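Good morning, everyone, and thank you for making time for this. I would like to walk slowly through one protein model with you, so please keep the picture in view while I talk.

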Amino acid sequence: VSDTAGLKQYADSAQVQFQGRIAFLKQFTNEEDNSQFLAVKMIHNVNSLVSISLTFTNNNGLNTAYSNGNLVVGQELRVYGRINGIRTTYMDDNNQLQVLKRPELQLLVKDYEFGRKPAAKSEATAAQPTLEEIPF
């Protein structure tokens with residue numbers, strides 16, 4: 001007879017998939033072993049009125065893509081993983097509790113898919129003034 005015979009099994013609702021745009025990327029160095037990792041912040045729109053922040057770190061593929069210039073702020077990214085924490089407030093410099101603009105989910109990302117990069121900014125050429133007559 002199993003000890004778990006009377007226990008109920010529930011779905012693992014912490015398994016998640018999000019798609020959003022990258023809002024922040026920064027590479028850090030671990031002081032203990034000099035390895036590098038990438039801190040990522042994404043914005044995911046829940047609906048037209050609500051958006052949330054997603055934060056996670058990565059020390060392999062995304063870190064390499066960032067180092068090679070293949071991962072940029074504004075790029076779409078789909079991530080798969082688990083919710084590691086939820087944060088809605090923070091302490092400001094005056095030790096006052098403040099509400100975040102967007103709730104923040106901290107993730108443990110297991111897999112990801114690259115999406116579209118933002119369009120390159122084009123250099124608009126301004127019309128140069130001229131004194132030449134314009135034919136009608």
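I will begin with the chain as a whole, then go through the strands, and finish with a few single residues.

Please keep in mind from the start that this is a predicted model, so I will speak of what the model shows and no further. The secondary structure of the protein chain comes to one helix and five strands, and if you read along the sequence you meet them in the pattern β-β-β-α-β-β. Of the 136 residues in the chain, 25% are buried, and the chain exposes about 10700 Å², of which carbon and sulfur atoms supply 49%. If we take the contacts between residues with a separation of 6 or more, 57% of them are between residues 24 or more positions apart.

Now to the strands: in what order do the five strands of the barrel run? The barrel is closed, its order is β1-β2-β3-β5-β4, and the pairing is mixed. From one strand to the next, the twist averages 40 degrees.

Let us follow some of these pairings, beginning with strand β1, which covers residues 15-29 and pairs in the antiparallel sense with strand β2, residues 36-45, over eight bridges. Within that pairing, I22 has M42 in β2 as its bridge partner. Strand β1 is also joined to strand β4, residues 76-91, by seven bridges, and these two strands run antiparallel; here Q19 stands opposite R78 in β4. Strand β4 in turn pairs with strand β5, residues 97-114, again in the antiparallel sense, over 13 bridges, and G85 stands opposite Q106 in β5. The strands β4 and β5 form a hairpin, with five residues between them.

That hairpin brings me to the loops, and to a detail of the backbone. N95, which is found in the loop between β4 and β5, has a phi near 60 degrees, a positive value in a residue other than glycine. Is N95 buried or exposed? It is exposed, because its relative accessible area is 59% and exposed means over 50%. A second asparagine, N34, lies in the loop between β1 and β2, and N34 also has a positive phi of about 60 degrees although it is not a glycine. With a relative accessible area of 61%, N34 counts as exposed too.

Moving to another loop, we come to L49, whose place is between β2 and β3, the latter being residues 51-58. Its relative accessibility is 78%, and therefore L49 counts as exposed. Together with V46 and V50, L49 makes a nonpolar surface patch of about 310 Å².

My last residue is E113, which is found in strand β5. E113 is partly exposed, with a relative accessible area of 38%. Which residues is E113 in contact with, if we leave aside its neighbours within four places in sequence? They are L77, R78 and Y80. For R78, which we met earlier opposite Q19, the separation from E113 is 35 residues in sequence, while in space the two are 5.1 Å apart, C-alpha to C-alpha.

To close, please go back to the picture and trace the closed barrel for yourselves in the order β1-β2-β3-β5-β4, and then find N34 in the loop between β1 and β2 and N95 in the loop between β4 and β5. Thank you for listening.

How values were computed. Residues are numbered from 1 along each chain as its sequence is written. This is a predicted model: local features need pLDDT of at least 70, side-chain atom pairs count only at pLDDT 80 or more; totals for chains, interfaces and linings use all residues. Side-chain values use heavy atoms; hydrogens and water are left out. Two strands pair if DSSP finds at least two bridges between them. Helices (H or I, at least four residues) and strands (E, at least two) are DSSP runs, numbered from the N terminus. Axes are lines fitted to C-alpha atoms, for helices over the stretch in contact, and angles run from 0 to 180 degrees between N-to-C directions. Patches are made of residues with over 30% relative accessible area and no salt bridge: like charges are joined within 9 Å, nonpolar side chains (Val, Leu, Ile, Met, Phe, Trp, Tyr) within 5 Å. Accessible areas come from the Shrake-Rupley method with a 1.4 Å probe; for residues, only the protein chains shown count as cover. A salt bridge is a side-chain nitrogen of Lys or Arg within 4 Å of a carboxyl oxygen of Asp or Glu. Buried means under 20% relative accessible area, exposed over 50%, partly exposed in between (1.4 Å probe, protein chains only). Contact means heavy atoms within 4.5 Å.
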